[in-house]
Amino acid sequence: MNKIKQFFYILLIINILISLLIIFSNLFNLKEPFQNIKAINHQNKYLINDVLVLDTIITTSKVKDGSTSYSTTIRGQLLNRDISKEINFLYQDNSYNNLIFDLKYKNRNQQGLKVYRNILNDNIFLKDYKFLKYRKTDALLKIYFICSLIPSLFLMILLIKNKRNSAH
C-alpha cells in the first residue's frame with residue numbers, strides 16, 4: 001500500500017508542477033485555451049476565413065528511437081490587418097510534406113495561405129482537420145491543468161496533514 005501512496009504523491013506533484021508551468025507560461029492569457037475550444041467547437045460562429053501572407057516557413061526534423069518527428073513554424077501577417085501571427089505544428093509522419101510544398105508554392109504564386117481566424121482572440125488555425133484536432137487537444141490539456149491546480153494543491157495539503165497526524 002505504501003508504494004501506491006508514493007506513486008500517488010509523485011503523480012500529484014507532477015500534476016501540480018505542470019499546472020504551475022502552464023499557468024505561469026500563459027499568465028496574461030489564461031482564457032486563450034477556453035476561447036480556442038469554444039471557437040473550434042462552434043466553427044461557424046467563431047472561426048472566419050482569413051489570409052496569412054507568409055514571411056517565413058521553417059521545417060525541422062528530429063530522429064529519436066528510429067522514428068522521425070517533424071516540426072514546422074509558419075510566420076506571416078494577416079491580410080488587411082496589422083497583426084503578425086505564427087502557426088506551429090508537430091507531426092510524426094511525412095504527411096505534411098505536401099502541405100509544406102503547397103505553402104511554399106502559394107507563398108510565391110498567390111496572395112497567401114487561407115486560414116481560420118478565431119474572432120475571440122485573433123488566433124489562427126490551418127484549414128486542416130488534423131491541425132484543428134491537435135489544437136483542440138492542446139487546449140483541452142491546458143484547461144485540465146489550469147483547472148486541476150487548486151484541487152491538486154488541496155489534495156496535497158490534506159495528504160501531508162494526514163501523514164503528519166498518522167505519524168504522531
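**Close-up views of aromatic pairs and a buried leucine**

Phe-145 is buried, its relative accessible area being 14%. This value and those below come from a predicted model.

**View 1. The aromatic rings of the model form two pairs under the distance rule applied here.** The tilted pair consists of Phe-131 and Tyr-134, with 6.3 Å from centre to centre and 45° between the planes. These two residues are three apart in helix 5 (residues 129-167), so about one helical turn separates Phe-131 from Tyr-134. Phe-131 counts as buried because its relative accessibility is 2%, whereas Tyr-134, at 31%, counts as partly exposed.

**View 2. Tyr-144 and Phe-145 form an edge-to-face aromatic pair.** The ring centres of Tyr-144 and Phe-145 are 4.9 Å apart, and the angle between the planes is 75°. The angle exceeds the cut-off of 60 degrees, over which a pair counts as edge-to-face. Tyr-144 counts as partly exposed, at 46% relative accessibility. Its partner Phe-145, at 14%, is buried, because buried means under 20% relative accessible area.

**View 3. Leu-78 is a buried residue in strand 2.** Strand 2 covers residues 67-78, and Leu-78 has a relative accessible area of 2%. When neighbours within four places in sequence are left aside, Leu-78 is in contact with Asp-50, Val-51, Leu-52, Ile-83, Lys-85, Val-115, Arg-117 and Ile-124.

**View 4. Leu-78 and Lys-114 are 36 residues apart along the chain.** In space, a distance of 9.8 Å separates the C-alpha atoms of Leu-78 and Lys-114.

Note on methods
Residues numbered from 1 in each chain as written. Predicted model: local features only at pLDDT ≥ 70, side-chain atom pairs only at ≥ 80, totals over all residues. Heavy atoms only, no water. Phe/Tyr/Trp six-rings, centres within 6.5 Å; stacked < 30°, edge-to-face > 60°. Helix = DSSP H or I, 4+ residues; strand = E, 2+ residues; numbered from the N terminus. Buried < 20%, exposed > 50% of the residue type's maximum accessible area, 1.4 Å probe, protein only. Contact = heavy atoms within 4.5 Å.
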